[in-house]
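Please work through the exercises below with the sequence and the model at hand. Each task is followed by a solution in steps.

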Amino acid sequence: MARVKNSVATRARRKKILKRAKGYFGSKHLLFKTAKEQVLRSLRYSYIDRKNLKSDYRKLWIKRINAACRLNDISYSRFINGLNKAGVKINRKMLSELAINDPKAFSDLVKVSKEAK
């Protein structure tokens, strides 16, 4: 039986890792072993950051809403509590967009929130 060599598959596997490591600093884009370590680490960071991105956006929306609430003489927590008591179902992303693009509509929501107490 003929001997089977695996050099084609090995080279392809290594090229795949080195291709992903393009642009890395120092030997991390040249040497297979360090490139493999860095690519695995980068993949782990990208997975974690995809999860963290959602909470980062939520924090940003809350900060924007809070700033707009302060301009309307109400705190963020009282505003959200008032909206919940009034039965207004609107998420923080849309509230943030309203605060930026349509301050008049946001002021109306603040009035609804204040009246719901």
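The exercises treat a salt bridge, an aromatic pair, two surface patches and several loop residues.

The model is predicted: local features need pLDDT of at least 70, side-chain atom pairs count only at pLDDT 80 or more, and totals for chains, interfaces and linings use all residues. Residues are numbered from 1 along each chain as its sequence is written, and side-chain values use heavy atoms, with hydrogens and water left out.

**Exercise 1. The salt bridge**

Task: Determine which residue forms a salt bridge with Lys104, and state whether Lys104 is buried or exposed.

Solution.
Step 1. Apply the criterion: a side-chain nitrogen of Lys or Arg must lie within 4 Å of a carboxyl oxygen of Asp or Glu. The structure holds 1 salt bridge.
Step 2. Identify the partner. Lys104 is bridged to Asp108, and the closest N and O atoms are 3.7 Å apart.
Step 3. Locate both residues. Helices are DSSP runs (H or I, at least four residues), numbered from the N terminus. Lys104 and Asp108 both belong to helix α5 (residues 103–115), where they are 4 residues apart, about one turn of the helix.
Step 4. Assign the exposure classes: buried means under 20% relative accessible area, exposed over 50%, and partly exposed in between (1.4 Å probe, protein chains only). Lys104 is exposed because its relative accessible area is 57%. Asp108 has 34% relative accessibility and therefore counts as partly exposed.

**Exercise 2. The aromatic pair**

Task: Establish which residue forms an aromatic pair with Phe79, and which helix holds each partner.

Solution.
Step 1. State the criterion: rings of Phe, Tyr and Trp (its six-membered ring) pair if their centres lie within 6.5 Å; planes under 30 degrees apart count as stacked, over 60 as edge-to-face and the rest as tilted.
Step 2. Search the whole structure, which yields 2 aromatic pairs. In one of them, Phe79 and Phe106 are 5.1 Å apart centre to centre with 40° between the planes, and the pair is tilted.
Step 3. Place the partners. The pair links distant parts of the chain, with Phe79 in helix α3 (residues 76–86) and Phe106 in helix α5, 27 residues apart.
Step 4. Check the accessibility. Phe79 is buried because its relative accessible area is 0%; Phe106, at 1%, is therefore also buried.

**Exercise 3. Two surface patches**

Task: Name the residues that make the nonpolar surface patch and those that gather in the patch of positive charge.

Solution.
Step 1. Set the rules. Patches are made of residues with over 30% relative accessible area and no salt bridge; like charges are joined within 9 Å, and nonpolar side chains (Val, Leu, Ile, Met, Phe, Trp, Tyr) within 5 Å. Accessible areas come from the Shrake-Rupley method with a 1.4 Å probe, and for residues only the protein chains shown count as cover.
Step 2. Describe the nonpolar patch. Leu53, Tyr57 and Leu60 make a patch of about 270 Å². Of these residues, Tyr57 is found in helix α2 (residues 32–71). Its 43% relative accessibility is why Tyr57 counts as partly exposed.
Step 3. Describe the charged patch. Lys and Arg count as positive and Asp and Glu as negative; His and the chain ends are not counted. The positive patch gathers Arg13, Arg14, Lys16, Arg20 and Lys36. Helix α1 (residues 7–20) gives the most to this patch, with 4 residues.
Step 4. Examine one member. Lys16 is found in helix α1, and Lys16 is exposed because its relative accessible area is 58%.

**Exercise 4. Loop residues**

Task: State where Asp73 lies, and how many Å separate the C-alpha atoms of His29 and Leu95.

Solution.
Step 1. Asp73 lies in the loop between α2 and α3. Its phi is near 60°, a positive value in a residue other than glycine. With a relative accessible area of 67%, Asp73 is therefore exposed.
Step 2. His29 is placed in the loop between α1 and α2. His29 counts as partly exposed because its relative accessibility is 33%. The C-alpha atoms of His29 and Leu95 are separated by 45 Å, and the two residues are 66 residues apart along the chain.
Step 3. Leu30 also has its place in the loop between α1 and α2. The C-alpha atoms of Leu30 and Arg41, 11 residues apart along the chain, are 16 Å from each other.

Technical notes: Helix = DSSP H or I, 4+ residues; strand = E, 2+ residues; numbered from the N terminus. Charge placed at Lys NZ, Arg CZ, Asp CG, Glu CD.
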